[in-house]
Amino acid sequence: MPVPVVVIVGRPNVGKSALFNRLVGRRAAIVEDIPGITRDRLYGRVVWRGREFEVVDTGGLISHPTEPLQVQVQRQVARALEEADLVLFVVDVRSGVLPEDREIAQRLRESRRPVLLVANKADRPGHPGIYEMYGLGVGDPVPVSALHGLGISDLLDRVAEMLPAGEPEEAGPAIPVAVVGRPNVGKSSLVNAILGEDRVIVDAAPGTTRDAVDTVFRWGDRRVVLIDTAGLRRRARVSDVVERYSVTRTLAAVDRAHVVVLVLDATQPPADQDQEIARLTVERGRALVLAVTKWDLVSPSPEPREAILAPVRAAMRFVSYAPVVVTSAVRRWGIAALVERVGEAADAHARRVPTGPLNRVLMEAEEAHPPPADGAGRQLKIYYATQPAVRPPTIVLFVNDPDLVTEDYRRYLDARLRAAFDFRGTPLRLVFRARERAAARR
């Protein structure tokens with residue numbers, strides 16, 4: 001049985017995201033004194049006094065949205081309310097009850113969902129603004145200060161009391177997958193196509209996605225945490241405070257992920273920033289899948305065309321292990337193939353090779369192509385190897401002198417290991433260590 005869902009709602013700038021961060025115990029949402037920061041639904045898990053539940057942060061509710069982006073935000077809030085087992089209605093004790101608060105209260109009464117009124121920004125006991133909140137007609141307010149962490153335990157106690165009986169979801173690790181790329185390449189459209197719903201807001205304006213948005217879904221027998229992220233720009237172009245937060249969130253999403261899906265625009269050649277993002281995944285040891293989206297704009301069929309993909313492969317040759325999948329969110333081309341490649345990359349990222357087979361492959365590689373020698377005639381000798389770590393797979397090779405390892409021979413061993421043990425999609429770290437007075441393997 002799914003865990004209960006607690007949805008946070010309120011008008012803009014009442015502190016919903018700060019409350020969300022307090023409840024989930026991490027800075028998952030951007031908090032800034034600017035209305036309208038939160039646009040998508042943000043999800044987080046909470047366990048309190050033996051009860052597990054999911055908390056959902058939403059964008060600010062407004063009465064008469066006029067802009068297309070505002071309409072999408074309101075649609076996201078409406079969908080969150082549809083799945084809510086309990087609604088946390090956040091009001092601001094400093095500003096008092098505004099007409100928008102009364103409209104939201106009426107909407108929540110009509111929804112017939114259980115509501116818990118949260119009087120936020122109550123930084124001192126007995127704040128006079130709390131008493132006005134009783135007039136909203138949605139129950140007694142719980143005073144909190146999300147900014148200072150006051151009253152959060154009492155609020156969680158009330159939440160636990162009001163939640164319906166539930167059981168944790170079926171156990172099993174989920175694969176965290178971060179969807180990254182430059183602004184406006186179609187990341188959110190691709191996420192929505194994978195999920196089969198308008199899970200994240202899509203807009204033609206670059207930078208629509210600001211937070212890293214997590215969604216858990218199932219694909220066959222796999223559980224996947226899909227993380228949509230803000231577009232990554234070059235640091236020199238990151239200026240305003242919200243965008244700096246977004247970049248920080250995106251980098252944190254990459255650090256959380258096991259697999260990164262780098263979205264590339266089929267209508268444009270790969271840019272320097274695409275290569276920088278790919279290098280970032282190598283540095284952080286994350287598996288990588290390249291999703292070439294908007295394929296319907298360059299080809300009448302979903303089949304890959306090497307003439308179009310050649311610039312992509314050339315620009316990304318330093319991550320040649322990453323599979324390339326052509327996709328179209330509009331026509332749903334390549335969606336199943338993309339998720340399959342993600343699953344395979346996740347498997348390769350976590351693959352551990354037993355010592356025996358590992359050393360046999362290295363022995364065969366050494367016999368097929370003997371190691372190089374330096375100018376003094378000293379030849380590299382590989383004594384044995386072992387794999388101490390995964391994510392990414394890390395193989396330590398004990399040799400007579402690590403300085404004798406050339407870059408060409410390193411690449412050769414990398415290719416032999418990949419072919420033997422199917423490390424497609426993941427970086428492979430080869431570490432060469434000296435072993436003094438070691439006996440040869442054979």
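Helices here are DSSP runs of H or I with at least four residues, numbered from the N terminus. With that in place, the helix to look at in this predicted model is α12, and what comes right behind it: just after α12, Asp422 takes a positive phi of about 55 degrees.

The helix itself checks out on length. Helix α12 covers residues 407–421, and at 1.5 Å a residue its 15 residues should span 21 Å. The expected span is 1.5 Å times one less than the number of residues, and the end C-alpha atoms sit 21 Å apart, so the numbers agree.

Next comes the question of what α12 hides. Its buried residues are Tyr409, Tyr412, Leu413, Asp414, Leu417, Arg418 and Phe421. The elements covering these buried residues include helix α11 (355–368) along with the strands β13 (382–389), β14 (394–399) and β15 (429–434).

Two of the buried residues also meet through their rings. Rings count as a pair if their centres lie within 6.5 Å, and by this rule there are three aromatic pairs. For Tyr409 and Tyr412 the ring centres are 5.4 Å apart and the planes make an angle of 40 degrees, so this pair is tilted; planes under 30 degrees apart would count as stacked and those over 60 as edge-to-face. Along the chain, Tyr409 and Tyr412 are three residues apart in α12, which puts about one helical turn between them. Both tyrosines are buried.

Two of the covering strands, β14 and β15, are themselves partners, pairing in the parallel sense over six bridges. The chain gets from β14 to β15 by way of α12, and this β-α-β crossover is right-handed. One of the bridges links Val399 with Ala434 in β15.

Elsewhere in the chain, six strands make up an open sheet with mixed pairing, in the order β2-β3-β1-β4-β5-β6. Strands β2 (42–48) and β6 (142–143) stand at its edges; each has a single partner strand, so one side of each is left without a neighbour in the sheet.

Further in, β1 (residues 5–9) and β4 (residues 86–92) run parallel and are joined by four bridges. Ile8 has Leu88 in β4 as its bridge partner. Helix α3 (residues 99–111) lies across β1, β4 and β5 (115–120), and runs at about 170 degrees to β4. Angles run from 0 to 180 degrees between N-to-C directions, so that value means α3 and β4 point in nearly opposite directions.

Notes. Residues are numbered from 1 along each chain as its sequence is written. This is a predicted model: local features need pLDDT of at least 70, side-chain atom pairs count only at pLDDT 80 or more; totals for chains, interfaces and linings use all residues. Side-chain values use heavy atoms; hydrogens and water are left out. Buried means under 20% relative accessible area, exposed over 50%, partly exposed in between (1.4 Å probe, protein chains only). Contact means heavy atoms within 4.5 Å. Two strands pair if DSSP finds at least two bridges between them. A crossover is right-handed if, with the strands pointing away from the viewer, the path from the first strand over the helix to the second runs clockwise. Rings of Phe, Tyr and Trp (its six-membered ring) pair if their centres lie within 6.5 Å; planes under 30 degrees apart count as stacked, over 60 as edge-to-face and the rest as tilted.
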